[in-house]
Amino acid sequence: MHEREMIVFDHVTYYYGSSLQPALQDVTLRIPRGEFASIIGPNGGGKSTFIKLLLGLLKPQSGAVKLFGDQPEKTRYRVGYAPQQARVDFRFPISVLDVTLAGRFGVGGQRHNALRFRTSRRDKEIAMSSLEKMGVARLARKSFGDLSGGERQRTLIARALCSEPELLVLDEPTNNIDPLSVEKFYQLLETLRDDVSILMASHDLGVVSNLVDSVVCVNRVARFHPTSEFNGDLVRELYHSDVRLVRHDHRCSEAGHEHRSDVD
């Protein structure tokens with residue numbers, strides 16, 4: 001495998017249970033290191049399945065998935081993962097710092113007994129640095145459940161960064177974030193791209209036009225495209241309908257977005 005290839009899907013097909021319709025069918029693609037890529041596609045199109053296969057949480061019925069040149073279950077320790085907020089129990093009494101420190105568990109591929117895991121001074125320094133990168137270090141002692149949607153998402157990404165990953169995987173990171181915070185959130189992501197590859201599942205087509213390098217279009221099949229190929233025809237093929245694209249551009253005026261255009 002070429003040393004720049006970070007993610008490889010080779011004729012991958014996956015079925016859930018006894019379903020006659022595959023969630024993903026004959027997917028072949030390669031994503032190089034250093035990419036900031038967005039996974040886009042309609043609900044039920046297979047975005048979450050793609051991520052689970054990538055992380056080794058699911059195994060394909062046919063084909064093979066490689067992550068950093070090996071089986072995902074052997075190399076996923078090199079990935080930082082931030083799940084959708086809907087999958088997090090906000091009632092659990094835990095501080096922002098402790099949530100972030102959880103990202104140190106199993107660092108370096110080592111297996112730890114969760115009941116015996118102890119954090120070191122170095123672990124806490126890395127956790128605080130990760131919170132600082134996401135702009136929420138001041139909230140370290142605050143209860144995670146008391147945060148706003150945007151603060152929670154930044155904390156979850158800080159937890160992912162705490163493992164010092166080579167790849168950051170974000171699952172619908174702007175869900176439950178108010179619109180005024182979305183622009184600042186994307187600006188924060190842009191500051192990370194020099195240090196880590198990023199793969200972000202998103203419904204926000206506007207981010208594709210301005211922020212990411214490439215897109216993975218998923219609707220049962222999956223195709224990898226550079227952003228330069230992203231146009232109205234591609235979107236119509238993916239969603240089987242016309243979809244309006246609104247650009248997210250952090251160079252817009254404070255009064256609001258000045259750049260709006262249809263996908264074509």
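How many helices and how many strands does the protein chain have? With the whole chain displayed as a cartoon, you are looking at seven helices and nine strands, and the model that carries them is a predicted one. Before selecting anything, it helps to have the overall figures in mind: of the 264 residues in the protein chain, buried residues make up 50%, while the chain exposes about 13,500 Å², of which carbon and sulfur atoms supply 46%. Among contacts between residues at least 6 apart in sequence, 67% join residues at least 24 apart.

**Aromatic pairs**

Begin with the aromatic side chains, for which a search of the whole structure finds three pairs. Select Phe9 and Phe50 and show their rings: the centres lie 4.4 Å apart and the planes meet at 5°, which is under 30 degrees, so the pair is stacked. This pair links distant parts of the chain, since Phe9 belongs to strand E1 (residues 5-14) and Phe50 to helix H1 (residues 47-54), 41 residues apart. If you add a surface, Phe9 should prove buried, at a relative accessible area of 0%, and Phe50 is likewise buried, at 0%.

Next select Tyr14 and Tyr16, whose ring centres are 4.8 Å apart and whose planes stand at 85°, so this pair is edge-to-face. Tyr14 counts as buried at 9% relative accessibility, whereas Tyr16, with a relative accessible area of 36%, is partly exposed.

Keep both tyrosines on screen and add Thr49, which lies in helix H1. Leaving aside residues up to four places away in sequence, Thr49 touches Tyr14 and Tyr16 together with Ala23, Leu24 and Leu58, and Thr49 is itself buried, with a relative accessible area of 5%.

For a ring with a charge over it, move to Phe68 and Arg78: the arginine lies over the face of Phe68, at 4.2 Å from the ring centre.

**Strand E7 and its neighbours**

Now select strand E7, residues 197-201, where five of the five residues are buried, so the strand is largely enclosed by the rest of the structure. Is one face of E7 covered, or both? In a regular strand the side chains alternate between the two faces of the sheet. Colouring the residues of E7 by side shows Ser197, Leu199 and Ala201 on one face and Ile198 and Met200 on the other, and all of them are buried.

Add the strands that pair with E7. Strand E3 (residues 36-40) pairs with E7 in the parallel sense over four bridges, and Ile39 stands opposite Ala201 in E7. Strand E6 (residues 167-171) also pairs with E7 in the parallel sense, over five bridges, and here Ala201 is the bridge partner of Asp171. From E6 the chain crosses through helix H6 (residues 179-192) to E7, and this β-α-β crossover is right-handed.

**The loop before H6**

For the last stop, follow the chain out of E6 and select Thr174, which lies in the loop between E6 and H6. Is Thr174 buried or exposed? At 17% relative accessibility the residue falls under the 20% limit, so Thr174 counts as buried. Displaying its surroundings brings up Val182, Phe185 and Tyr186, the residues that Thr174 touches when those up to four places away in sequence are not counted.

Conventions. Residues numbered from 1 in each chain as written. Predicted model: local features only at pLDDT ≥ 70, side-chain atom pairs only at ≥ 80, totals over all residues. Heavy atoms only, no water. Phe/Tyr/Trp six-rings, centres within 6.5 Å; stacked < 30°, edge-to-face > 60°. Helix = DSSP H or I, 4+ residues; strand = E, 2+ residues; numbered from the N terminus. Buried < 20%, exposed > 50% of the residue type's maximum accessible area, 1.4 Å probe, protein only. Lys NZ or Arg CZ within 6 Å of the ring centre and 35° of its normal. Pairing = 2+ DSSP bridges. Right-handed = clockwise from strand over helix to strand, strands pointing away. Contact = heavy atoms within 4.5 Å. Areas by Shrake-Rupley, 256 points an atom, 1.4 Å probe, with all protein chains shown as cover.
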